[in-house]
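Open the model in your viewer and show it as a cartoon. Keep the selection tool at hand.

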Amino acid sequence: MVENFSKKIGELARIIGGGKVFCIVAHTSPDGDAVGSCVGMREYLKAMGKDARIVLPDRFPDFLGYLDPGGEILLYDADREAGDAAVLSSDVVICMDCNSFSRTDHMEGVLKKAAARKILIDHHIAPDTASFNLIFSGNHVSSTCELAYYILKALCADGFPGLPAMTAEALFTGMTTDTNNFANSTYPSTLAMASELLAAGVDRSALLNRLYNQFSEGRLRLIGELLHDGMKIVDGKFSYMLLPKGLQRMYGYSKGDVEGVVNRPLEIRDVLVSALFTEDDDFVRVSLRSKPWVDVNLLAREYFNGGGHMNASGGRLKMDIADVPEYFENAIRRYAMQAHLL
Ligand code: 5GP
Ligand code: MN
(Lines give C-alpha, C1' and ligand atoms only; values in the text may rest on other atoms or scores of the structure.)
(Ligands and ions follow the chains in the order given, each with its own letter.)
Protein backbone atom coordinates (compact mmCIF):
# COMPACT_ATOMS: atom_id res chain seq x y z
CA MET A 1 0.00 0.00 0.00
CA VAL A 2 2.62 2.52 1.11
CA GLU A 3 6.39 1.99 1.19
CA ASN A 4 7.85 1.70 4.69
CA PHE A 5 4.38 1.87 6.15
CA SER A 6 5.31 0.94 9.70
CA LYS A 7 8.29 3.30 9.81
CA LYS A 8 6.07 6.11 8.59
CA ILE A 9 3.41 5.30 11.18
CA GLY A 10 6.03 5.72 13.89
CA GLU A 11 6.98 9.10 12.46
CA LEU A 12 3.34 10.16 12.20
CA ALA A 13 2.72 9.12 15.80
CA ARG A 14 5.65 11.30 16.88
CA ILE A 15 4.39 14.30 14.87
CA ILE A 16 0.86 13.92 16.24
CA GLY A 17 2.19 13.48 19.76
CA GLY A 18 4.26 16.66 19.47
CA GLY A 19 1.57 18.87 17.89
CA LYS A 20 -1.24 20.80 19.56
CA VAL A 21 -3.00 22.61 16.72
CA PHE A 22 -3.85 20.79 13.49
CA CYS A 23 -5.24 22.11 10.22
CA ILE A 24 -6.68 19.61 7.74
CA VAL A 25 -7.16 20.59 4.10
CA ALA A 26 -8.32 18.94 0.85
CA HIS A 27 -8.77 19.73 -2.83
CA THR A 28 -11.03 22.31 -4.41
CA SER A 29 -14.60 21.17 -5.24
CA PRO A 30 -14.36 18.72 -2.36
CA ASP A 31 -16.06 15.35 -2.95
CA GLY A 32 -17.08 12.57 -0.56
CA ASP A 33 -13.53 11.28 -0.30
CA ALA A 34 -12.09 14.72 0.42
CA VAL A 35 -14.68 15.68 3.06
CA GLY A 36 -14.88 12.15 4.49
CA SER A 37 -11.11 11.82 4.94
CA CYS A 38 -10.84 15.28 6.52
CA VAL A 39 -13.71 14.66 8.96
CA GLY A 40 -12.42 11.18 9.77
CA MET A 41 -8.99 12.59 10.60
CA ARG A 42 -10.35 15.57 12.56
CA GLU A 43 -12.58 13.44 14.77
CA TYR A 44 -9.70 11.12 15.49
CA LEU A 45 -7.41 14.02 16.42
CA LYS A 46 -10.12 15.54 18.63
CA ALA A 47 -10.45 12.20 20.42
CA MET A 48 -6.70 12.48 21.03
CA GLY A 49 -7.32 15.82 22.75
CA LYS A 50 -5.95 17.90 19.87
CA ASP A 51 -7.24 21.18 18.51
CA ALA A 52 -8.10 20.21 14.91
CA ARG A 53 -9.82 22.26 12.27
CA ILE A 54 -10.77 21.61 8.62
CA VAL A 55 -10.35 24.31 5.99
CA LEU A 56 -11.68 23.52 2.51
CA PRO A 57 -11.05 25.74 -0.53
CA ASP A 58 -14.77 25.95 -1.35
CA ARG A 59 -18.18 24.46 -0.63
CA PHE A 60 -18.88 20.73 -0.76
CA PRO A 61 -22.14 19.30 -2.20
CA ASP A 62 -25.24 19.52 0.03
CA PHE A 63 -25.67 15.74 0.20
CA LEU A 64 -22.49 15.57 2.30
CA GLY A 65 -23.99 17.95 4.88
CA TYR A 66 -24.38 15.12 7.43
CA LEU A 67 -20.59 15.06 7.73
CA ASP A 68 -20.65 18.62 9.07
CA PRO A 69 -23.75 18.82 11.26
CA GLY A 70 -22.35 21.67 13.37
CA GLY A 71 -21.12 23.71 10.38
CA GLU A 72 -17.57 23.58 11.78
CA ILE A 73 -15.79 23.29 8.44
CA LEU A 74 -14.23 26.59 7.34
CA LEU A 75 -14.66 27.48 3.67
CA TYR A 76 -11.68 29.46 2.45
CA ASP A 77 -13.47 31.28 -0.36
CA ALA A 78 -16.11 32.49 2.11
CA ASP A 79 -13.71 33.63 4.86
CA ARG A 80 -10.15 33.97 3.68
CA GLU A 81 -8.95 35.67 6.87
CA ALA A 82 -10.18 32.88 9.13
CA GLY A 83 -8.76 30.32 6.69
CA ASP A 84 -5.32 31.99 6.65
CA ALA A 85 -5.34 32.24 10.46
CA ALA A 86 -6.24 28.54 10.82
CA VAL A 87 -3.43 27.48 8.49
CA LEU A 88 -0.78 29.85 9.85
CA SER A 89 -1.51 29.14 13.52
CA SER A 90 -1.26 25.37 13.16
CA ASP A 91 1.66 23.16 14.23
CA VAL A 92 0.73 20.50 11.69
CA VAL A 93 -1.03 20.72 8.31
CA ILE A 94 -2.53 17.48 6.97
CA CYS A 95 -3.37 17.51 3.28
CA MET A 96 -5.95 14.90 2.30
CA ASP A 97 -6.94 13.60 -1.15
CA CYS A 98 -4.74 15.90 -3.25
CA ASN A 99 -1.25 15.20 -4.50
CA SER A 100 -0.04 18.81 -4.35
CA PHE A 101 -1.02 22.13 -2.76
CA SER A 102 -1.88 23.41 -6.23
CA ARG A 103 -5.05 21.26 -6.11
CA THR A 104 -6.27 23.49 -3.27
CA ASP A 105 -6.38 26.39 -5.73
CA HIS A 106 -6.35 29.77 -3.95
CA MET A 107 -5.14 28.15 -0.68
CA GLU A 108 -1.84 27.15 -2.29
CA GLY A 109 0.00 30.35 -1.29
CA VAL A 110 -0.79 30.22 2.42
CA LEU A 111 -0.17 26.46 2.60
CA LYS A 112 3.27 26.86 1.05
CA LYS A 113 4.06 29.77 3.37
CA ALA A 114 2.97 27.98 6.57
CA ALA A 115 5.78 26.99 8.94
CA ALA A 116 3.83 23.93 10.15
CA ARG A 117 4.98 20.32 9.69
CA LYS A 118 3.22 19.13 6.53
CA ILE A 119 1.76 15.67 6.02
CA LEU A 120 0.23 14.28 2.85
CA ILE A 121 -2.29 11.42 2.80
CA ASP A 122 -3.46 10.74 -0.73
CA HIS A 123 -4.16 8.12 -3.41
CA HIS A 124 -3.26 10.03 -6.57
CA ILE A 125 -0.13 9.36 -8.57
CA ALA A 126 2.87 11.72 -8.62
CA PRO A 127 2.75 13.40 -5.19
CA ASP A 128 4.60 16.70 -4.88
CA THR A 129 7.30 15.27 -2.58
CA ALA A 130 9.13 18.58 -2.12
CA SER A 131 6.26 20.25 -0.25
CA PHE A 132 5.76 17.70 2.56
CA ASN A 133 7.65 16.38 5.59
CA LEU A 134 5.84 13.03 5.57
CA ILE A 135 3.97 11.37 2.70
CA PHE A 136 1.48 8.51 2.69
CA SER A 137 0.77 8.01 -1.00
CA GLY A 138 -0.83 4.77 -2.17
CA ASN A 139 -2.22 4.07 -5.63
CA HIS A 140 -3.59 0.62 -4.90
CA VAL A 141 -6.38 1.72 -2.61
CA SER A 142 -9.91 2.77 -3.43
CA SER A 143 -9.70 6.19 -1.85
CA THR A 144 -7.92 8.50 0.53
CA CYS A 145 -10.46 7.37 3.13
CA GLU A 146 -9.20 3.82 2.76
CA LEU A 147 -5.60 4.92 3.18
CA ALA A 148 -6.58 7.05 6.19
CA TYR A 149 -8.41 4.07 7.70
CA TYR A 150 -5.33 1.83 7.61
CA ILE A 151 -3.18 4.66 8.96
CA LEU A 152 -5.55 5.38 11.85
CA LYS A 153 -5.94 1.66 12.53
CA ALA A 154 -2.17 1.30 12.74
CA LEU A 155 -2.00 4.29 15.11
CA CYS A 156 -4.69 2.66 17.28
CA ALA A 157 -2.65 -0.55 17.36
CA ASP A 158 0.24 1.61 18.54
CA GLY A 159 -1.66 2.40 21.73
CA PHE A 160 -3.81 5.30 20.52
CA PRO A 161 -7.55 5.33 21.30
CA GLY A 162 -9.98 3.50 18.98
CA LEU A 163 -11.79 5.07 16.02
CA PRO A 164 -14.65 7.41 16.93
CA ALA A 165 -18.02 6.48 15.35
CA MET A 166 -17.98 9.68 13.28
CA THR A 167 -14.57 8.73 11.86
CA ALA A 168 -15.90 5.32 10.83
CA GLU A 169 -18.94 6.86 9.13
CA ALA A 170 -16.90 9.58 7.40
CA LEU A 171 -14.33 7.10 6.06
CA PHE A 172 -17.08 4.75 4.88
CA THR A 173 -18.55 7.70 2.98
CA GLY A 174 -15.41 8.45 0.97
CA MET A 175 -14.78 4.80 0.22
CA THR A 176 -18.36 4.52 -1.06
CA THR A 177 -18.37 7.65 -3.22
CA ASP A 178 -14.88 7.18 -4.71
CA THR A 179 -15.70 3.61 -5.77
CA ASN A 180 -19.14 4.60 -7.06
CA ASN A 181 -20.63 2.36 -4.38
CA PHE A 182 -18.04 -0.41 -4.77
CA ALA A 183 -18.20 -0.58 -8.55
CA ASN A 184 -14.71 0.77 -9.40
CA SER A 185 -11.24 0.66 -7.80
CA THR A 186 -12.36 -1.93 -5.27
CA TYR A 187 -9.44 -3.91 -3.84
CA PRO A 188 -9.39 -6.75 -1.31
CA SER A 189 -8.29 -4.14 1.26
CA THR A 190 -11.37 -2.04 0.35
CA LEU A 191 -13.80 -4.84 1.11
CA ALA A 192 -11.85 -5.78 4.23
CA MET A 193 -12.21 -2.22 5.48
CA ALA A 194 -15.92 -2.18 4.61
CA SER A 195 -16.40 -5.42 6.49
CA GLU A 196 -14.54 -4.16 9.56
CA LEU A 197 -16.44 -0.88 9.65
CA LEU A 198 -19.81 -2.62 9.26
CA ALA A 199 -18.85 -4.90 12.13
CA ALA A 200 -17.92 -1.79 14.11
CA GLY A 201 -21.47 -0.47 13.68
CA VAL A 202 -21.56 1.73 10.57
CA ASP A 203 -25.17 1.78 9.32
CA ARG A 204 -24.62 1.38 5.59
CA SER A 205 -28.24 1.52 4.49
CA ALA A 206 -28.77 4.82 6.33
CA LEU A 207 -25.59 6.12 4.75
CA LEU A 208 -26.60 5.07 1.22
CA ASN A 209 -29.96 6.70 1.76
CA ARG A 210 -28.25 9.98 2.67
CA LEU A 211 -25.82 9.78 -0.23
CA TYR A 212 -28.11 8.68 -3.02
CA ASN A 213 -31.77 9.30 -2.15
CA GLN A 214 -31.97 12.92 -1.01
CA PHE A 215 -31.92 14.85 -4.28
CA SER A 216 -34.45 17.19 -5.87
CA GLU A 217 -36.80 16.18 -8.68
CA GLY A 218 -35.05 18.71 -10.94
CA ARG A 219 -31.75 16.92 -10.51
CA LEU A 220 -33.12 13.61 -11.82
CA ARG A 221 -34.86 15.37 -14.73
CA LEU A 222 -31.58 17.14 -15.55
CA ILE A 223 -29.79 13.78 -15.64
CA GLY A 224 -32.56 12.51 -17.94
CA GLU A 225 -32.06 15.47 -20.26
CA LEU A 226 -28.27 15.09 -20.26
CA LEU A 227 -28.50 11.42 -21.21
CA HIS A 228 -31.39 11.76 -23.65
CA ASP A 229 -30.54 14.90 -25.63
CA GLY A 230 -27.20 16.01 -24.26
CA MET A 231 -25.03 12.96 -24.83
CA LYS A 232 -23.07 13.07 -28.08
CA ILE A 233 -20.83 10.31 -29.35
CA VAL A 234 -17.77 10.96 -31.53
CA ASP A 235 -16.64 8.16 -33.86
CA GLY A 236 -18.85 5.71 -31.95
CA LYS A 237 -16.29 5.57 -29.11
CA PHE A 238 -16.00 8.88 -27.33
CA SER A 239 -18.94 10.37 -25.52
CA TYR A 240 -19.35 13.91 -24.21
CA MET A 241 -22.04 15.93 -22.45
CA LEU A 242 -22.24 19.68 -21.85
CA LEU A 243 -23.78 21.30 -18.79
CA PRO A 244 -23.92 25.02 -19.57
CA LYS A 245 -25.20 27.66 -17.13
CA GLY A 246 -28.53 27.89 -18.98
CA LEU A 247 -29.30 24.22 -18.35
CA GLN A 248 -28.09 24.52 -14.74
CA ARG A 249 -30.55 27.36 -14.10
CA MET A 250 -33.43 25.60 -15.83
CA TYR A 251 -33.19 22.60 -13.48
CA GLY A 252 -32.09 24.37 -10.30
CA TYR A 253 -28.70 22.64 -10.47
CA SER A 254 -26.44 22.66 -7.44
CA LYS A 255 -22.90 21.30 -7.06
CA GLY A 256 -22.72 17.52 -6.91
CA ASP A 257 -26.11 17.05 -8.60
CA VAL A 258 -24.76 15.18 -11.59
CA GLU A 259 -22.13 13.20 -9.68
CA GLY A 260 -21.80 9.79 -11.32
CA VAL A 261 -23.58 10.72 -14.56
CA VAL A 262 -20.28 10.85 -16.44
CA ASN A 263 -19.95 7.08 -15.83
CA ARG A 264 -23.20 6.24 -17.60
CA PRO A 265 -22.10 6.46 -21.27
CA LEU A 266 -19.49 3.77 -20.51
CA GLU A 267 -22.45 1.39 -20.25
CA ILE A 268 -22.56 1.54 -24.06
CA ARG A 269 -20.48 -1.37 -25.39
CA ASP A 270 -18.26 0.55 -27.78
CA VAL A 271 -17.81 3.72 -25.75
CA LEU A 272 -14.26 3.93 -24.38
CA VAL A 273 -14.15 7.44 -22.95
CA SER A 274 -16.85 9.62 -21.44
CA ALA A 275 -16.48 13.34 -20.78
CA LEU A 276 -18.68 15.84 -18.97
CA PHE A 277 -18.09 19.58 -19.30
CA THR A 278 -19.68 21.77 -16.63
CA GLU A 279 -19.65 25.55 -17.06
CA ASP A 280 -18.32 27.32 -13.95
CA ASP A 281 -17.88 31.06 -13.34
CA ASP A 282 -14.67 31.59 -15.30
CA PHE A 283 -13.73 28.15 -16.60
CA VAL A 284 -15.23 24.86 -17.76
CA ARG A 285 -14.85 21.93 -15.35
CA VAL A 286 -13.84 18.69 -17.09
CA SER A 287 -14.72 15.20 -15.86
CA LEU A 288 -13.34 12.14 -17.66
CA ARG A 289 -14.01 8.41 -17.27
CA SER A 290 -12.83 5.41 -19.26
CA LYS A 291 -13.10 1.67 -19.72
CA PRO A 292 -10.52 -0.13 -17.53
CA TRP A 293 -7.87 -0.49 -20.26
CA VAL A 294 -8.01 3.14 -21.47
CA ASP A 295 -5.93 5.79 -19.69
CA VAL A 296 -7.72 9.13 -19.21
CA ASN A 297 -5.13 10.45 -16.77
CA LEU A 298 -2.79 11.04 -19.71
CA LEU A 299 -5.64 12.54 -21.70
CA ALA A 300 -6.45 14.92 -18.83
CA ARG A 301 -2.80 15.94 -18.46
CA GLU A 302 -2.16 16.56 -22.12
CA TYR A 303 -5.37 18.20 -23.23
CA PHE A 304 -7.41 19.30 -20.22
CA ASN A 305 -4.95 20.89 -17.76
CA GLY A 306 -5.60 18.27 -15.14
CA GLY A 307 -4.93 14.70 -14.10
CA GLY A 308 -6.24 12.12 -11.65
CA HIS A 309 -6.46 8.37 -12.00
CA MET A 310 -6.20 6.05 -14.98
CA ASN A 311 -9.99 5.63 -15.31
CA ALA A 312 -11.27 8.77 -13.56
CA SER A 313 -9.66 12.13 -14.17
CA GLY A 314 -10.56 15.76 -14.43
CA GLY A 315 -9.28 19.17 -15.38
CA ARG A 316 -10.23 22.65 -16.53
CA LEU A 317 -10.62 24.50 -19.79
CA LYS A 318 -10.43 28.27 -20.08
CA MET A 319 -12.79 28.67 -23.02
CA ASP A 320 -16.39 29.39 -23.87
CA ILE A 321 -18.45 26.24 -23.36
CA ALA A 322 -19.79 26.67 -26.91
CA ASP A 323 -16.26 25.98 -28.21
CA VAL A 324 -15.81 22.80 -26.18
CA PRO A 325 -17.32 20.28 -28.68
CA GLU A 326 -14.84 21.20 -31.40
CA TYR A 327 -11.95 21.21 -28.92
CA PHE A 328 -12.99 17.83 -27.51
CA GLU A 329 -13.37 16.23 -30.94
CA ASN A 330 -9.90 17.36 -31.99
CA ALA A 331 -8.29 16.42 -28.69
CA ILE A 332 -9.86 12.98 -28.46
CA ARG A 333 -9.02 12.13 -32.07
CA ARG A 334 -5.39 13.14 -31.55
CA TYR A 335 -5.25 11.22 -28.28
CA ALA A 336 -6.89 8.17 -29.89
CA MET A 337 -4.12 8.10 -32.51
CA GLN A 338 -1.42 8.50 -29.85
CA ALA A 339 -2.91 5.82 -27.60
CA HIS A 340 -3.88 3.51 -30.51
CA LEU A 341 -7.57 3.54 -29.61
CA LEU A 342 -8.86 3.60 -33.19
P1 5GP B 1 -14.31 14.23 -11.02
O2 5GP B 1 -14.58 13.88 -12.43
O3 5GP B 1 -15.02 13.33 -10.07
O4 5GP B 1 -14.47 15.69 -10.73
O5 5GP B 1 -12.76 13.97 -10.80
C6 5GP B 1 -12.23 12.70 -10.96
C7 5GP B 1 -10.79 12.71 -10.50
O8 5GP B 1 -10.03 13.55 -11.36
C9 5GP B 1 -10.61 13.30 -9.11
O10 5GP B 1 -10.61 12.28 -8.16
C11 5GP B 1 -9.26 13.93 -9.20
O12 5GP B 1 -8.30 12.94 -8.97
C13 5GP B 1 -9.09 14.29 -10.64
N14 5GP B 1 -9.29 15.71 -10.95
C15 5GP B 1 -10.48 16.36 -11.11
N16 5GP B 1 -10.28 17.65 -11.43
C17 5GP B 1 -8.94 17.83 -11.50
C18 5GP B 1 -8.10 18.95 -11.80
O19 5GP B 1 -8.55 20.06 -12.10
N20 5GP B 1 -6.75 18.72 -11.76
C21 5GP B 1 -6.21 17.50 -11.47
N22 5GP B 1 -4.88 17.37 -11.45
N23 5GP B 1 -6.98 16.43 -11.18
C24 5GP B 1 -8.31 16.58 -11.20
MN1 MN C 1 -10.25 10.52 -3.77
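This tour goes from an annotated domain to a sheet, a helix and one residue. Keep in mind that the model is predicted.

**Stop 1: the domain.** Select residues 23-174. An unreviewed UniProt entry annotates this span as "domain: DDH". Helix makes up 36% of the span and strand 18%. Now mark the two end C-alpha atoms of residues 23-174: they lie 19 Å apart.

**Stop 2: the sheet.** Look for an open sheet of six strands. Read across it in the order E3-E2-E1-E4-E5-E6; the pairing is parallel. Which strands are the edge strands? They are E3, at 74-75, and E6, at 134-137; each pairs on one side only.

**Stop 3: one edge.** Select strand E2, residues 51-56, together with E3. Two bridges join this pair in the parallel sense. Pick Val-55 next. Its bridge partner in E3 is Leu-74.

**Stop 4: a helix across the strands.** Select helix H5, residues 144-157. H5 lies across E4 (92-96), E5 (117-122) and E6. Relative to E5, helix H5 runs at about 120°.

**Stop 5: a single residue.** Move to helix H6, residues 165-178, and pick Thr-167 within it. Is Thr-167 buried or exposed? Its relative accessibility is 0%, so Thr-167 counts as buried. Show its contacts, skipping neighbours within four places in sequence: Gly-40, Glu-43, Tyr-44 and Leu-152.

**Last stop: a long step.** Keep Thr-167 selected and add Gly-306, 139 residues apart from it along the chain. The C-alpha atoms of Thr-167 and Gly-306 are separated by 30 Å.

Note on methods. Residues numbered from 1 in each chain as written. Chains lettered and ligands numbered in written order. Predicted model: local features only at pLDDT ≥ 70, side-chain atom pairs only at ≥ 80, totals over all residues. Heavy atoms only, no water. UniProt positions renumbered as here; feature names shortened; annotations may be inferred. Helix = DSSP H or I, 4+ residues; strand = E, 2+ residues; numbered from the N terminus. Pairing = 2+ DSSP bridges. Contact = heavy atoms within 4.5 Å. Axes fitted to C-alpha atoms, helices over the stretch in contact; angles between N-to-C directions. Buried < 20%, exposed > 50% of the residue type's maximum accessible area, 1.4 Å probe, protein only.
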